[in-house]
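Here are some friendly notes to read alongside the model. Please keep the picture open as you go through them.

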Amino acid sequence: MKGRLVTFEGCEGSGKSTQLRLLSEKLSKQGISHIVTREPGGSDIAEQIRNIILNGKNTAMCDECEALLYAAARAQHLREIVQPALDKGMLVLCDRYVDSSLAYQGYARGLDLKFIEDINGFAMRDFRPDLTLFLDISPRAAFERKHGADKGDRMEQLGLEFHEKVYAGYLRIAALNPERFLKVECGGSKWDTAERIYNILKSHKII
Ligand code: TYD
């Protein structure tokens, strides 16, 4: 049986990594076989592409190059890591996937959405997420929760206005894909959010 692909999306500081860690620990205790991976990256070659994309010195990178590099990293990561795990019937939990490209490069950068769909269609073929959990917290609220922004990588250097556009993009994706792309309220404690995520995976028969 083919495994399931569940992706996690959200703005910077939405707590995806923490939630993935908590979920993975719980699934491991229950003996549910799964992998946790991330984009951009997740495999050696894709991590090398990640370093180029996120390098804060690469300020001259054009939006088209950025979009193609995310798609290139996705193609490699999919074939090397995701597809083999799905073929073994495993559950794959991925920190960001194609919706990040739609939200960041499409809605926020303003690149043509059809171009983003096309290059990612080529990169992913029919490996679409079975379910996507969107950790729903606005960039401003996430910023305040963290007591300040990371100013590290090239994407984090973009201001609040850019990240508000990303957030609006995600809300649009949620409205267009109500069955697959689910909002998870995550303004409370990390334990409350973890329980919500677990319950959604149960009710959608992912676990
Ligand atoms: P990362 O440090 O993994 O961010 P986070 O912890 O917030 O997930 O860096 C990934 C950055 O790349 C993040 O700013 C989102 C951005 N991104 C895109 O713009 N497009 C994409 O397709 C992907 C996968 C990520």
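The points below start with the ligand and then turn to rings and backbone.

1. A word on the ground rules. This is a predicted model, in which local features need pLDDT of at least 70 and side-chain atom pairs count only at pLDDT 80 or more, while totals for chains, interfaces and linings use all residues. Residues are numbered from 1 along each chain as its sequence is written, and side-chain values use heavy atoms, leaving out hydrogens and water.

2. Start with the ligand's neighbours. There are 15 residues around the ligand, each with a heavy atom within 4 Å of it. Those that come nearest are Lys 16, Tyr 70, Arg 96, Ser 101 and Gln 105. By class, the shell has five nonpolar, three polar and seven charged residues; Asp, Glu, Lys and Arg count as charged, Ala, Val, Leu, Ile, Met, Phe, Trp, Tyr, Cys and Pro as nonpolar, and the others, Gly among them, as polar.

3. Next, look at the ligand's oxygen atoms. An N or O atom in the side chain of Lys 16 is 2.6 Å from one ligand oxygen, and for the side chain of Arg 96 the distance to a ligand oxygen is 2.7 Å. Tyr 70 has a polar side-chain atom 2.8 Å from a ligand oxygen.

4. Which elements give two or more residues to the shell around the ligand? They are helix H2 (44-54), helix H3 (63-87) and helix H4 (98-108), where helices are DSSP runs (H or I) of at least four residues and strands (E) of at least two, numbered from the N terminus. The largest share, four residues, comes from H4.

5. Now for the rings. The whole structure has six aromatic pairs, meaning rings of Phe, Tyr and Trp (its six-membered ring) with centres within 6.5 Å. Tyr 104 and Tyr 170 form one that is edge-to-face (planes over 60 degrees apart), with 6.5 Å centre to centre and 85° between the planes. This pair links distant parts of the chain, as Tyr 104 in helix H4 and Tyr 170 in helix H7 (residues 160-176) are 66 residues apart.

6. Finally, two backbone details. Glu 39 and Pro 40 are joined by a cis peptide bond, with omega about -10°; Pro 40 lies in the loop between strand E2 (34-38) and H2. Arg 96 is not a glycine, yet has a positive phi of about 75°, and Arg 96 is found in the loop between strand E3 (91-95) and H4.

How values were computed. A polar contact is a pair of N or O atoms within 3.5 Å; within protein, one must be able to donate a hydrogen and the other to accept it, and residues adjacent in sequence count only if both atoms are side-chain atoms. Rings of Phe, Tyr and Trp (its six-membered ring) pair if their centres lie within 6.5 Å; planes under 30 degrees apart count as stacked, over 60 as edge-to-face and the rest as tilted.
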